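Dear colleague,

I am passing on the structure we spoke about, and below it I have set out what was found. Please read the notes with the coordinates open beside them.

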Amino acid sequence: MTLNKKTRFNPPENWQADLLHINPIFADLGQSFGPFSAEDWPSLSLLNQAFASEYRFVANEALEQDGRYYEEFIFATKTIPCRAKNWHDFFGALIWCLFPKTKALLNQLHIAEITQHGLKQRSKLRNKLTLFDECGVIICTEPRAHQHAELLRSHQWQQSFVKQRQDWWQSIRPVIFGHAMYEMATKPFIGLTAKAVFIEVPEGFSNWSLAQTYQFLDQALWHKIAKQNLLLDKQQLTPLPLLGVPAWYEANNQGDFYLNTHYFRPKRSAK
């Protein structure tokens, strides 16, 4: 499946638990929340049971009846509206469960920007917040693999994904943050591109348990976004062809997969 600018992505119409159990992109979700029922969408009650936070998930009708803007509603009520039988909101809820501190921070920053600039004028920071929230992927590099951050930023795909492929999942650990990336991975297509944030992690991080991994990253992201302006750093939020990540797409086991320069684009030279 290949999308062009005129093609609108549509996820599967119905609940399909097999998608989450078979596709390796969803492995973290399956291990953290699964196995998912084959019969129907996880209920708000089940999602709230997995949500160790002061926030709660509620039906989207609460937002519709309230009338406030989405971010304002969450900030004021500490509840997150979720549309029923909706892949986008389902994955959004799981990201709230995995990154509660960071997600709450993003909401607070949205409100601060809205207070300063109003709803109609989107500031640079609000655009970055939305981009990371929807499309972010965290590339966690241990000390012996820090060079991969520069390789990926400079679009040296062959060097990172092929020639130094053995580093992936050994000293590099990719983690999806953007719930839209999960939604689109229900029907993966050539062209699926994330925005990468690079975080240096301790030696052996790739072998940590999922609980340790997400607790560390939630705290690290909160600190770097709140205290170090991570999302305004020009070295962050760089394009990452998501299906190029080793083990996340079967076709990339063949080296010629990376020869598609329409997908694995070279870095544009500075004018």
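A residue is called buried here when its relative accessible area is under 20%, exposed when that area is over 50%, and partly exposed in between. Please also keep in mind throughout that this is a predicted model.

With that cut-off, Phe-198 counts as buried, because its relative accessibility is 7%. Phe-198 belongs to strand β5, which covers residues 193-200, and, apart from residues up to four places away in sequence, it touches Ile-139, Ala-149, Leu-152, Arg-153, Gln-235, Gln-236 and Thr-238. One of these partners, Ala-149, is 49 residues away along the chain, yet the C-alpha atoms of Phe-198 and Ala-149 are separated by 6.4 Å.

Phe-90, in helix α6, is likewise to be counted as buried, since its relative accessibility is 5%. Its contacts, again without residues up to four places away in sequence, are Trp-15, Leu-20, Phe-36, Trp-41 and Pro-42. Phe-90 and Gly-191, which are 101 residues apart in sequence, have their C-alpha atoms 23 Å apart in space.

Glu-72, by contrast, is partly exposed, because its relative accessible area is 26%. Glu-72 sits in helix α5 and, once neighbours within four places in sequence are set aside, is in contact with Ile-111, Ile-114 and Leu-119. For Glu-72 and Ile-111, 39 residues apart along the chain, the separation between C-alpha atoms is 6.7 Å.

Turning to the pockets, the second largest one has a volume of about 480 Å³. Its lining is made up of 27 residues, and those that lie nearest its centre are Tyr-70, Glu-71, Asp-133, Glu-134 and His-179. At least two lining residues come from each of α5 (70-77), β2 (79-82), α6 (87-98), α7 (100-117) and α8 (124-135). In terms of residue class, the lining holds twelve nonpolar, seven polar and eight charged residues, which may be useful to you when you choose how to treat this site.

One helix pair also deserves a description: α7 packs with α12 (residues 210-228) at an angle of about 25°, and their axes are 7 Å apart. Angles under 35 degrees count as roughly parallel, and α7 and α12 are therefore roughly parallel to each other. On the α7 side the contact is made by Pro-100, Lys-101, Thr-102, Leu-105, Leu-106 and Leu-109, and on the α12 side by Asp-218, Gln-219, Leu-221, Trp-222, Ile-225 and Ala-226. Sorted by class, this contact comprises eight nonpolar, two polar and two charged residues.

Finally, there are some backbone details to check. The peptide bond from Gly-34 to Pro-35 is cis, with omega near 0°, and Pro-35 lies in the loop between α2 (27-33) and α3 (44-49). Trp-169, which is not a glycine, has a positive phi, near 70°; this residue is in the loop between α10 (157-163) and β4 (172-176) and is partly exposed, given its relative accessible area of 26%. Asn-229, also not a glycine, has a positive phi of about 50°. Asn-229 is placed in the loop between α12 and β6 (238-241) and, at 49% relative accessibility, counts as partly exposed.

With best wishes

Methods: Residues numbered from 1 in each chain as written. Predicted model: local features only at pLDDT ≥ 70, side-chain atom pairs only at ≥ 80, totals over all residues. Heavy atoms only, no water. 1 Å grid on protein atoms, 1.4 Å probe; cavity = no way out; pocket = protein on both sides within 12 Å on 5 of 7 lines; lining within 4 Å. Points joined across faces, edges and corners; volume = space filled by probe spheres on them. Helix = DSSP H or I, 4+ residues; strand = E, 2+ residues; numbered from the N terminus. Nonpolar A, V, L, I, M, F, W, Y, C, P; charged D, E, K, R; others polar. Axes fitted to C-alpha atoms, helices over the stretch in contact; angles between N-to-C directions. Parallel < 35°, antiparallel > 145°, perpendicular 65-115°, else oblique. Contact = heavy atoms within 4.5 Å. Buried < 20%, exposed > 50% of the residue type's maximum accessible area, 1.4 Å probe, protein only.
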